[in-house]
Amino acid sequence: MSEQSLPDAARPEYTDALPEYAERVLEVTELIPPGRVMTYGDVAEWLEEGGPRQVGRVMALYGGAVPWWRVVRADGTLLPGHELRALDRYRAEGTPLKQASRAAQGHLPRLDMKRARWDGGERAEGHT
């Protein structure tokens with residue numbers, strides 16, 4: 001993904017400071033309650049800026065220090081390469097899961113998006 005596809009505030013400025021858009025994405029991620037999830041698109045919609053790809057890029061670059069497993073793909077599949085780590089977190093938090101079919105690769109469950117998806121509730125006071 002090129003830097004041009006990120007919102008202006010998320011483009012690297014080659015300083016130690018975290019880009020403003022990235023800070024906002026990570027703040028939203030920290031608001032998601034245990035056992036619940038938001039999609040990449042949900043986060044972008046909540047912020048009213050960017051889109052799923054931009055949120056995904058922020059999570060890939062900066063998401064390690066926040067509950068990254070709570071920002072997910074819209075289809076409920078587990079993040080490739082991080083499936084088992086995320087699955088452990090989902091089980092510990094009681095996140096609703098759907099059992100995998102025998103045809104599913106690796107027989108890994110999916111998130112039950114109807115039950116696990118969080119709409120953001122009331123916006124945090126002072127957060128835009």
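**Exercises on salt bridges and buried residues**

Glu-49 has a relative accessible area of 25%, so it is partly exposed. The model used here is predicted.

**Exercise 1.** Work out which residues Arg-24 joins in a network of salt bridges, and where they sit.

*Solution.*
Step 1. Start with Glu-20. Its side chain forms a salt bridge with that of Arg-24, at 3.6 Å from N to O.
Step 2. Place this pair. Both residues lie in helix H1, four residues apart, which is about one turn of the helix.
Step 3. Recall the geometry. An α-helix has 3.6 residues a turn, so residues three or four places apart point the same way.
Step 4. Look for a second partner. Arg-24 also forms a salt bridge with Glu-49, at 2.6 Å from N to O. This pair links distant parts of the chain: Arg-24 is in helix H1, Glu-49 is in the loop between H2 and H3, and 25 residues separate them.
Step 5. Join the pieces. Glu-20, Arg-24 and Glu-49 form a network of salt bridges.

**Exercise 2.** Classify Glu-20 and Arg-24 as buried, partly exposed or exposed.

*Solution.*
Step 1. Take the cut-offs: buried is under 20% relative accessible area, and exposed is over 50%.
Step 2. Glu-20 is partly exposed because its relative accessibility is 40%.
Step 3. Arg-24 is buried because its value is 13%.
Step 4. Check the rest of the helix. Other buried residues of H1 include Tyr-21, Val-25 and Val-28. Among the elements that cover the buried residues of H1 are E1 and H3.

**Exercise 3.** Describe the surroundings of Arg-70.

*Solution.*
Step 1. Locate the residue. Arg-70 is in the loop between helix H3 (52-62) and strand E2 (71-72).
Step 2. Judge its exposure. Its relative accessibility is 8%, so Arg-70 is buried.
Step 3. Find a polar partner. The side chains of Arg-70 and Glu-93 make a polar contact of 2.6 Å.
Step 4. List contacts beyond four places in sequence. They include Ile-32, Pro-33, Met-38 and Glu-93.

**Exercise 4.** Do the same for Thr-39.

*Solution.*
Step 1. Thr-39 belongs to strand E1 (residues 38-39).
Step 2. With a relative accessible area of 3%, Thr-39 is buried.
Step 3. Its side chain makes a polar contact of 3.4 Å with that of Arg-117.
Step 4. Beyond four places in sequence, Thr-39 touches residues including Val-71, Arg-73 and Met-113.
Step 5. Follow Arg-73 onward. Arg-73 forms a salt bridge with Asp-75, with the closest N and O atoms 4.0 Å apart. Arg-73 is partly exposed, at 35% relative accessibility. Asp-75 is partly exposed too, at 39%.

Terms used:
Residues numbered from 1 in each chain as written. Predicted model: local features only at pLDDT ≥ 70, side-chain atom pairs only at ≥ 80, totals over all residues. Heavy atoms only, no water. Helix = DSSP H or I, 4+ residues; strand = E, 2+ residues; numbered from the N terminus. Buried < 20%, exposed > 50% of the residue type's maximum accessible area, 1.4 Å probe, protein only. Polar contact = N/O pair within 3.5 Å; in protein donor to acceptor, adjacent residues only side chain to side chain. Contact = heavy atoms within 4.5 Å.
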